[in-house]
There are 2 protein chains.
Amino acid sequence: MSKQSTYQQIVNAADNLFYQNGFEHTSFTDISNLVSISRGNFYHHFKTKNDILSAVIKARLANTQAMLDEWQTAEATPEGRIKCYIHILLTNWDKIQHYGCPVGTLCTELAKLNHASKEEATQVFTLFRQWLKQQFKQLGHVDDADQLAMHVLAWSQGVATISSTFQNKEFAEQEVQKINAWLDKLNH
Amino acid sequence: MSKQSTYQQIVNAADNLFYQNGFEHTSFTDISNLVSISRGNFYHHFKTKNDILSAVIKARLANTQAMLDEWQTAEATPEGRIKCYIHILLTNWDKIQHYGCPVGTLCTELAKLNHASKEEATQVFTLFRQWLKQQFKQLGHVDDADQLAMHVLAWSQGVATISSTFQNKEFAEQEVQKINAWLDKLNH
DNA sequence: AAATTAATAGGACGGCCATCCTATTAATAA
DNA sequence: TTATTAATAGGATGGCCGTCCTATTAATTT
């Protein structure tokens, strides 16, 4: 693995810190400490904190799209693809347990801050929403594809928040089973 | 309506500001401006910001308990009571639309801040959880009462987050219908 | 009425933060 | 090789924040 550019290192560090400690609670000092560069050097790459946030969101959008594309080719059926989405709750459990859903928690924080980038952050949700909608359409649920996509989105949000708050992995596993059964039943 | 004590005014103002703008984003100046008292006077009532947070959480616990008690007497059946809980999503839609679920968003924020009061905040969820569990037990679901309570909790969290993020009341209404149908079916 | 306590006001302090500025070094282009 | 640009370092600035301190006024008690 070759060394990343300073720019990429900053974005990665900010990405993790925003996720783990929140956007507002993360300072320039925190990021520069993690990347081991000086605070002054920072401003050669990003003019403002909001610029970093935008870069982080753009990176998340790209990563999300890449993941969806991968699922699209790796899984033969729409059911299988939707189950990939459902399963990330357990795959990323260690992080979700501590910090919740990276998409939902950022959207919620930016909404409360009334931050200029809040719509930008929502785009990550939109990516999942449209992709899920497409899968449900392919399953023949043409009329309510979007509603079903939103349902799955809300399901994962709720389970992430509650199982994280109560530190309860068992509940997350039970809910994954439930939603998988629901999905199977949907396609009888 | 008689005038509230300064103490109560501070707690109420802090409660609203913590909900609307987040705990960290709310400053002493914000609160004292809203209550129209000086910053100095503040410290006669609360020594630290954490003390205010604790007082706000205690107030929320009391208000929640009062609401649950009211439902308990107002509604004759456990189904009716659970539907009261489900319905607050629509009752409080105007606020949820802008600021999400007051319980979930505070728990999430305090978890990211690794704040000393995060467990205290979770207690509000626990109040709902145990109350819902009791209702499901009375419906005859003795073995999985807690799991069902958690399911309803997660449902409301997810719908609040997603419908708020997408500013979509219609989706919230659809989901309320769905969960009501699920509840009816559960009791065949 | 006098003494004591509660409530309020507002300035002061030290810390952290985002941002800016300038100087120095490394890399690249001419 | 020289000129120019990119990258880095670190101090300076001004603002806000939580907290503290002291003085003044209102309320209560003796």
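In which helix of chain A is T165(A) found? T165(A) sits in helix α9 of chain A, and that helix makes a good starting point for a walk through this predicted model.

Let us begin with the meeting of the two chains. On chain A, 36 residues are in contact with 36 residues of chain B. The size of an interface is often given as the accessible area lost when the parts come together. Here chain A and chain B bury about 3200 Å² between them, and 61% of that area is on carbon and sulfur atoms. As for polar links, 12 residue pairs are in polar contact between chain A and chain B, while the count of salt bridges across the interface is 0.

Which elements of chain A give two or more residues to the side that touches chain B? They are α1 (6-21), α7 (102-113), α8 (118-138), α9 (145-165) and α10 (169-186). Our starting helix stands out in this group, since α9(A) provides the largest share, 12 residues. Sorted by class, the side of chain A that touches chain B has 14 nonpolar, 16 polar and 6 charged residues.

Now let us return to T165(A) and look around. Leaving aside neighbours within four places in sequence, T165(A) is in contact with C107(B), T122(B) and F125(B). Is T165(A) buried or exposed? T165(A) is buried, because its relative accessible area is 19% and the cut-off for buried is under 20%. Within its own chain, a polar atom of the T165(A) side chain lies 2.7 Å from the backbone oxygen of T161(A).

Stepping over to the partner, we meet C107(B), which belongs to helix α7 (residues 102-113) of chain B. C107(B) is buried too, with a relative accessible area of 6%. Beyond its neighbours within four places in sequence, C107(B) is in contact with T165(A), A121(B), T122(B) and F125(B). One of these, F125(B), is 18 residues from C107(B) in sequence, and their C-alpha atoms are 9.0 Å apart in space.

Finally, let us visit the interior. In soluble globular proteins, nonpolar side chains tend to be buried together. In this model the largest nonpolar core has 122 residues. Those with the most contacts inside this core are I31(A), I52(A), Y85(A), I31(B) and I52(B). Y85(A) is a good one to look at: not counting residues up to four places away in sequence, Y85(A) touches W71(A), F128(A), W131(A), L132(A), V152(A), L153(A) and S156(A).

Note on methods:
Residues numbered from 1 in each chain as written. Chains lettered and ligands numbered in written order. Predicted model: local features only at pLDDT ≥ 70, side-chain atom pairs only at ≥ 80, totals over all residues. Heavy atoms only, no water. Contact = heavy atoms within 4.5 Å. Buried area = accessible area lost by both parts, 1.4 Å probe. Salt bridge = Lys/Arg side-chain N within 4 Å of Asp/Glu carboxyl O. Polar contact = N/O pair within 3.5 Å; in protein donor to acceptor, adjacent residues only side chain to side chain. Helix = DSSP H or I, 4+ residues; strand = E, 2+ residues; numbered from the N terminus. Nonpolar A, V, L, I, M, F, W, Y, C, P; charged D, E, K, R; others polar. Core = buried A, V, L, I, M, F, W, Y, C linked by side-chain atoms within 4.5 Å. Buried < 20%, exposed > 50% of the residue type's maximum accessible area, 1.4 Å probe, protein only.
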